[in-house]
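Please open the structure in your viewer and keep the sequence panel beside it, so that each selection can be followed in both places.

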Amino acid sequence: MQNPYEAEQIQDIVRDGLAQVLGTGADEVTPDATLVADLGAESLDLVEFRFEMETKLGVALPKSNVLDQLATALGGSEQLYDERGGITELAAEVLRRSAFGYSAEQVHAGQRPYEVAAAATSAHWAAFTHALFDHLPETCTECGADKAEPAASGKAICAGCGAALEAATGDEVMAEGVRAALVAIGHAQPVG
């Protein structure tokens with residue numbers, strides 16, 4: 001099924017969710033404001049945000065991160081970090097090609113993993129969340145229809161019968177993206 005959401009719809013939902021969790025105005029949650037440094041998010045805030053998005057949209061956001069998925073795909077983390085613990089160019093390129101949509105200015109070789117996490121913005125989470133809906137089933141298991149639409153609740157439903165639709169999990173989408181990035185940059189065949 002085709003993604004029933006426009007990117008802007010998901011951006012608005014993510015922005016409003018972050019504003020609610022962080023107790024700020026939605027106008028403060030700009031696309032380029034980093035969640036940690038600019039908006040003051042702490043780890044518990046991010047857990048609450050994740051729960052809110054999963055509940056509202058009916059999706060499973062990732063429990064791992066791109067670097068974890070990359071280590072799994074490569075069969076270890078040896079190619080991910082330099083001698084000082086910063087990420088390698090390979091890791092940075094995979095992050096830039098991920099559904100999060102990091103730019104070269106936001107993620108580059110030599111950054112520490114915590115600096116990569118600190119670079120996350122509402123736009124990154126909106127892009128990834130929107131990408132989840134690109135992974136809906138081809139047809140409805142209830143009626144066989146092939147069109148989805150957003151329900152008033154925010155969840156994706158079948159346009160034919162109104163049945164709830166389940167997208168691939170965030171970890172599945174992230175793993176698929178990591179494998180595709182490795183292939184696109186001509187890296188040796190991933191392990192997983």
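Which side chain of opposite charge is nearest to D45, and how far away is it? Keep that question in mind while you look at the whole chain, remembering that this is a predicted model.

Begin with the entire chain in cartoon view, where you can find 7 helices and 2 strands, arranged from the N terminus on as α-α-α-α-α-α-β-β-α. Turn the view along the principal axes, and the C-alpha atoms fill a box of roughly 55 × 40 × 25 Å. The radius of gyration is 17 Å, which agrees with the value near 16 Å that a compact globule of 192 residues would have.

Next, switch on the surface, of which the chain exposes about 9,700 Å², with carbon and sulfur atoms supplying 50% of this area. Of the 192 residues, 43% count as buried. If you display contacts between residues at least 6 apart in sequence, 62% of them join residues at least 24 apart.

Now colour the charges: there are 11 positive and 30 negative ones, and their mean positions are 3 Å apart.

Finally, select helix α2, which covers residues 43–57, and pick out D45 within this helix. Show the residues around D45 as sticks: leaving aside neighbours within four places in sequence, D45 is in contact with V21, L22 and G40. To settle the opening question, select R50 as well, since R50 is the nearest side chain of opposite charge and lies 14 Å away from D45. D45 is thus a residue that is buried yet has no salt bridge.

Notes
Residues numbered from 1 in each chain as written. Predicted model: local features only at pLDDT ≥ 70, side-chain atom pairs only at ≥ 80, totals over all residues. Heavy atoms only, no water. Helix = DSSP H or I, 4+ residues; strand = E, 2+ residues; numbered from the N terminus. Rg over C-alpha atoms; globule rule 2.2 N^0.38 Å. Buried < 20%, exposed > 50% of the residue type's maximum accessible area, 1.4 Å probe, protein only. Contact = heavy atoms within 4.5 Å. Areas by Shrake-Rupley, 256 points an atom, 1.4 Å probe, with all protein chains shown as cover. Lys, Arg positive; Asp, Glu negative; His and termini not counted. Charge placed at Lys NZ, Arg CZ, Asp CG, Glu CD. Salt bridge = Lys/Arg side-chain N within 4 Å of Asp/Glu carboxyl O.
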